[in-house]
Amino acid sequence: MNSIFDIIGPVMIGPSSSHTAGAARLGKMARCIFRSTPKKVDLTLYGSFAKTYKGHGTDRALVGGLLGYKEDDTNIRIAHDLAQKEGMEYTFIESPLDVGHPNVVRFDMYDDHNRHMTVIGRSLGGGLIMITEVDGNDMSITGDEFTLVVFHEDRPGAISLISQALSESDINIATMRVFRKGKHKDAVMVITTDTVVNPITVQFMRECPGIQDVMTFEAL
(Lines give C-alpha, C1' and ligand atoms only; values in the text may rest on other atoms or scores of the structure.)
Protein backbone atom coordinates (compact mmCIF):
# COMPACT_ATOMS: atom_id res chain seq x y z
CA MET A 1 0.00 0.00 0.00
CA ASN A 2 1.38 3.39 -1.03
CA SER A 3 1.13 6.51 1.11
CA ILE A 4 -0.10 9.82 -0.28
CA PHE A 5 3.56 10.99 -0.32
CA ASP A 6 4.47 8.11 -2.65
CA ILE A 7 1.89 9.48 -5.08
CA ILE A 8 2.28 13.27 -4.88
CA GLY A 9 5.88 13.40 -3.68
CA PRO A 10 7.48 15.01 -0.63
CA VAL A 11 7.01 18.51 0.78
CA MET A 12 9.68 20.39 -1.13
CA ILE A 13 10.92 23.43 -2.98
CA GLY A 14 10.05 22.46 -6.57
CA PRO A 15 9.65 22.00 -9.37
CA SER A 16 10.60 18.29 -9.49
CA SER A 17 10.63 15.60 -6.82
CA SER A 18 13.42 13.72 -8.58
CA HIS A 19 15.46 16.64 -9.96
CA THR A 20 15.01 19.05 -7.05
CA ALA A 21 13.94 17.30 -3.84
CA GLY A 22 16.05 14.23 -4.59
CA ALA A 23 18.99 16.42 -5.55
CA ALA A 24 18.78 18.36 -2.28
CA ARG A 25 18.73 15.12 -0.30
CA LEU A 26 21.73 13.82 -2.25
CA GLY A 27 23.67 16.98 -1.48
CA LYS A 28 22.76 16.81 2.20
CA MET A 29 23.76 13.14 2.43
CA ALA A 30 27.08 13.83 0.68
CA ARG A 31 27.72 16.59 3.23
CA CYS A 32 26.92 14.20 6.09
CA ILE A 33 29.34 11.62 4.71
CA PHE A 34 32.04 14.28 4.30
CA ARG A 35 31.22 15.38 7.89
CA SER A 36 31.39 19.08 7.11
CA THR A 37 30.59 21.65 4.48
CA PRO A 38 33.20 21.17 1.75
CA LYS A 39 35.41 24.06 0.71
CA LYS A 40 35.36 23.00 -2.93
CA VAL A 41 33.13 20.58 -4.86
CA ASP A 42 33.20 19.23 -8.40
CA LEU A 43 29.72 17.91 -9.26
CA THR A 44 29.65 15.58 -12.26
CA LEU A 45 26.12 15.11 -13.59
CA TYR A 46 24.95 12.18 -15.70
CA GLY A 47 21.84 11.40 -17.73
CA SER A 48 18.87 13.74 -17.38
CA PHE A 49 20.61 15.50 -14.48
CA ALA A 50 23.23 16.69 -16.97
CA LYS A 51 20.64 17.75 -19.55
CA THR A 52 18.10 19.60 -17.40
CA TYR A 53 19.86 20.59 -14.18
CA LYS A 54 19.51 24.35 -14.72
CA GLY A 55 15.86 24.35 -15.79
CA HIS A 56 14.74 22.01 -12.99
CA GLY A 57 16.72 23.72 -10.25
CA THR A 58 18.93 20.68 -9.71
CA ASP A 59 21.99 22.91 -9.43
CA ARG A 60 20.43 25.00 -6.63
CA ALA A 61 19.16 21.90 -4.85
CA LEU A 62 22.52 20.12 -4.91
CA VAL A 63 24.33 23.21 -3.62
CA GLY A 64 21.66 23.80 -0.99
CA GLY A 65 21.93 20.23 0.22
CA LEU A 66 25.72 20.54 0.46
CA LEU A 67 25.15 23.59 2.67
CA GLY A 68 22.91 21.49 4.93
CA TYR A 69 19.45 22.62 3.82
CA LYS A 70 16.54 20.18 3.55
CA GLU A 71 14.45 19.84 0.42
CA ASP A 72 11.63 22.00 1.86
CA ASP A 73 13.85 24.88 2.97
CA THR A 74 13.23 28.12 1.07
CA ASN A 75 16.99 28.81 1.19
CA ILE A 76 17.27 26.29 -1.66
CA ARG A 77 16.10 29.07 -3.97
CA ILE A 78 19.10 31.27 -3.08
CA ALA A 79 21.64 28.46 -2.59
CA HIS A 80 24.13 29.96 -5.06
CA ASP A 81 24.23 33.24 -3.13
CA LEU A 82 24.54 31.42 0.21
CA ALA A 83 27.39 29.27 -1.09
CA GLN A 84 29.24 32.40 -2.17
CA LYS A 85 28.78 33.92 1.31
CA GLU A 86 30.12 30.75 2.95
CA GLY A 87 33.06 30.55 0.55
CA MET A 88 32.12 27.19 -0.91
CA GLU A 89 33.41 26.85 -4.47
CA TYR A 90 31.67 24.47 -6.86
CA THR A 91 31.82 23.44 -10.49
CA PHE A 92 29.20 21.53 -12.49
CA ILE A 93 30.48 19.05 -15.07
CA GLU A 94 28.06 17.64 -17.67
CA SER A 95 29.08 14.08 -18.53
CA PRO A 96 27.89 12.32 -21.70
CA LEU A 97 28.53 8.87 -20.20
CA ASP A 98 25.69 6.39 -19.73
CA VAL A 99 26.03 5.13 -16.15
CA GLY A 100 22.89 2.98 -16.15
CA HIS A 101 20.57 5.43 -14.38
CA PRO A 102 19.12 8.76 -15.55
CA ASN A 103 19.68 10.85 -12.42
CA VAL A 104 23.22 10.36 -11.11
CA VAL A 105 25.67 12.78 -9.53
CA ARG A 106 29.27 12.36 -8.43
CA PHE A 107 30.54 14.67 -5.69
CA ASP A 108 34.29 15.24 -5.48
CA MET A 109 34.63 17.18 -2.23
CA TYR A 110 37.67 18.91 -0.75
CA ASP A 111 38.25 20.71 2.55
CA ASP A 112 40.67 23.48 3.54
CA HIS A 113 43.48 20.94 3.93
CA ASN A 114 42.76 19.37 0.49
CA ARG A 115 41.24 16.23 2.02
CA HIS A 116 39.33 14.59 -0.83
CA MET A 117 36.29 12.34 -0.76
CA THR A 118 34.16 11.00 -3.60
CA VAL A 119 30.46 10.21 -3.16
CA ILE A 120 28.19 8.92 -5.94
CA GLY A 121 24.40 8.85 -5.65
CA ARG A 122 21.21 8.69 -7.64
CA SER A 123 17.74 10.21 -7.36
CA LEU A 124 15.10 7.48 -7.60
CA GLY A 125 11.98 9.63 -7.98
CA GLY A 126 9.49 10.96 -5.45
CA GLY A 127 12.33 12.46 -3.44
CA LEU A 128 13.90 9.06 -2.77
CA ILE A 129 17.65 8.69 -3.13
CA MET A 130 20.44 6.13 -2.89
CA ILE A 131 24.14 6.62 -2.25
CA THR A 132 25.84 3.90 -4.28
CA GLU A 133 29.55 4.55 -3.76
CA VAL A 134 31.91 6.25 -1.30
CA ASP A 135 35.61 6.52 -2.18
CA GLY A 136 35.34 3.58 -4.56
CA ASN A 137 33.47 1.37 -2.08
CA ASP A 138 30.10 0.07 -3.30
CA MET A 139 27.24 0.56 -0.86
CA SER A 140 23.54 1.33 -0.56
CA ILE A 141 22.40 4.19 1.71
CA THR A 142 18.91 5.64 1.32
CA GLY A 143 18.80 8.05 4.26
CA ASP A 144 15.32 6.81 5.20
CA GLU A 145 16.40 4.99 8.38
CA PHE A 146 19.02 5.13 11.11
CA THR A 147 22.09 3.86 9.29
CA LEU A 148 25.49 2.64 10.45
CA VAL A 149 28.31 2.40 7.88
CA VAL A 150 31.40 0.44 8.93
CA PHE A 151 34.56 0.47 6.79
CA HIS A 152 36.67 -2.56 7.68
CA GLU A 153 39.12 -5.20 6.55
CA ASP A 154 37.51 -8.28 5.04
CA ARG A 155 38.51 -10.74 7.74
CA PRO A 156 36.83 -13.37 9.94
CA GLY A 157 35.07 -11.97 12.99
CA ALA A 158 34.52 -8.41 11.74
CA ILE A 159 30.77 -8.80 11.33
CA SER A 160 30.33 -10.60 14.66
CA LEU A 161 32.32 -7.84 16.45
CA ILE A 162 29.96 -5.16 15.20
CA SER A 163 26.84 -7.27 15.78
CA GLN A 164 27.89 -8.00 19.36
CA ALA A 165 28.60 -4.31 20.05
CA LEU A 166 25.12 -3.38 18.84
CA SER A 167 23.52 -6.19 20.84
CA GLU A 168 25.28 -5.14 24.04
CA SER A 169 24.00 -1.60 23.47
CA ASP A 170 20.44 -2.95 23.08
CA ILE A 171 20.27 -1.77 19.47
CA ASN A 172 18.23 -3.91 17.10
CA ILE A 173 19.49 -4.49 13.54
CA ALA A 174 16.82 -4.00 10.87
CA THR A 175 18.94 -4.86 7.82
CA MET A 176 22.58 -5.54 7.02
CA ARG A 177 24.46 -5.65 3.73
CA VAL A 178 28.17 -6.24 3.24
CA PHE A 179 30.10 -4.99 0.21
CA ARG A 180 33.73 -5.84 -0.46
CA LYS A 181 36.30 -5.07 -3.11
CA GLY A 182 37.64 -8.62 -2.98
CA LYS A 183 38.60 -11.44 -0.65
CA HIS A 184 40.62 -10.10 2.31
CA LYS A 185 40.47 -6.56 0.91
CA ASP A 186 38.53 -3.48 2.00
CA ALA A 187 34.87 -4.04 2.84
CA VAL A 188 31.87 -2.03 4.01
CA MET A 189 28.96 -2.99 6.25
CA VAL A 190 25.76 -0.96 5.80
CA ILE A 191 23.44 -1.59 8.74
CA THR A 192 20.05 -0.03 9.39
CA THR A 193 18.85 0.00 13.00
CA ASP A 194 15.62 0.70 14.86
CA THR A 195 17.27 3.43 16.95
CA VAL A 196 20.28 5.71 16.64
CA VAL A 197 23.65 4.21 17.60
CA ASN A 198 25.06 6.14 20.56
CA PRO A 199 28.51 7.83 20.34
CA ILE A 200 30.05 5.54 22.98
CA THR A 201 29.23 2.44 20.92
CA VAL A 202 30.49 4.12 17.75
CA GLN A 203 33.81 4.98 19.42
CA PHE A 204 34.15 1.42 20.73
CA MET A 205 33.65 0.09 17.19
CA ARG A 206 36.29 2.45 15.79
CA GLU A 207 38.82 0.99 18.23
CA CYS A 208 38.11 -2.64 17.31
CA PRO A 209 40.77 -4.58 15.34
CA GLY A 210 40.32 -4.34 11.59
CA ILE A 211 37.81 -1.47 11.76
CA GLN A 212 38.93 1.51 9.65
CA ASP A 213 36.09 3.96 10.21
CA VAL A 214 32.47 4.14 11.39
CA MET A 215 29.77 6.59 10.28
CA THR A 216 26.23 7.03 11.56
CA PHE A 217 23.27 8.74 9.89
CA GLU A 218 19.86 9.69 11.17
CA ALA A 219 16.93 9.71 8.76
CA LEU A 220 17.05 12.73 6.44
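Select Asn114 first: this residue lies in the loop between E3 and E4. The model on the screen is a predicted one. The phi angle of Asn114 is near 70°, a positive value in a residue other than glycine. Is Asn114 buried or exposed? Because its relative accessibility is 58%, and exposed means over 50%, Asn114 counts as exposed.

Next, extend the selection to both strands beside this loop. Strand E3 covers residues 103-110 and strand E4 covers residues 116-125; the two run antiparallel and are joined by 7 bridges. Together E3 and E4 form a hairpin, with 5 residues between them. To see one facing position, show Phe107, which stands opposite Val119 in E4.

Continue along the chain from E4 to strand E5, residues 128-134. How many bridges pair E4 with E5? There are 6, and the pairing is again in the antiparallel sense. E4 and E5 also form a hairpin, here with 2 residues between them. In its turn, select Gly126, which has a positive phi of about 65°. Arg122 can then be shown together with Met130 in E5, which stands opposite.

Now display side chains to view charges placed over rings. Select Arg115 and Phe34: Arg115 lies over the face of Phe34, at 4.0 Å from the ring centre. Then select Lys40 and Tyr110, where Lys40 lies over the face of Tyr110, at 5.6 Å from the ring centre.

The next stop concerns rings that pair with one another. A pair of aromatic rings is described by the distance of the centres and the angle of the planes. The structure holds 2 aromatic pairs. One of them is formed by Tyr90 and Phe92, with 5.8 Å centre to centre and 70° between the planes, an edge-to-face arrangement. Add Tyr53 to the selection, and the cluster that ring pairs make of Tyr53, Tyr90 and Phe92 is in view. Tyr90 has a relative accessibility of 25%, so this residue counts as partly exposed.

Move to helix H4, residues 58-66. Why is H4 described as largely enclosed by the rest of the structure? The reason is that 8 of its 9 residues are buried. Colour the buried residues to follow them along the helix: Thr58, Asp59, Ala61, Leu62, Val63, Gly64, Gly65 and Leu66. After H4, select Gly68, whose phi is positive, near 105°.

For a second loop, select Asp170, between helix H6 (158-168) and strand E8 (173-180). Asp170 has a phi near 60°, a positive value in a residue other than glycine. Its relative accessible area is 71%, and Asp170 is therefore exposed.

The last stop is an internal space. Rolling a probe the size of a water molecule over the atoms shows where empty space is left. In this structure, the count comes to 1 cavity of 30 Å³ or more, and the largest cavity has a volume of about 30 Å³. Select its lining: Phe146, Thr147, Leu148, Thr193, Val196, Val197, Thr216 and Phe217. Which strands each supply at least two residues of this lining? They are E7 (146-153) and E10 (211-217). The largest share, 3 residues, comes from E7. Coloured by character, the lining divides into 5 nonpolar residues, 3 polar residues and no charged ones.

Methods. Residues numbered from 1 in each chain as written. Predicted model: local features only at pLDDT ≥ 70, side-chain atom pairs only at ≥ 80, totals over all residues. Heavy atoms only, no water. 1 Å grid on protein atoms, 1.4 Å probe; cavity = no way out; pocket = protein on both sides within 12 Å on 5 of 7 lines; lining within 4 Å. Points joined across faces, edges and corners; volume = space filled by probe spheres on them. Helix = DSSP H or I, 4+ residues; strand = E, 2+ residues; numbered from the N terminus. Nonpolar A, V, L, I, M, F, W, Y, C, P; charged D, E, K, R; others polar. Phe/Tyr/Trp six-rings, centres within 6.5 Å; stacked < 30°, edge-to-face > 60°. Buried < 20%, exposed > 50% of the residue type's maximum accessible area, 1.4 Å probe, protein only. Lys NZ or Arg CZ within 6 Å of the ring centre and 35° of its normal. Pairing = 2+ DSSP bridges.
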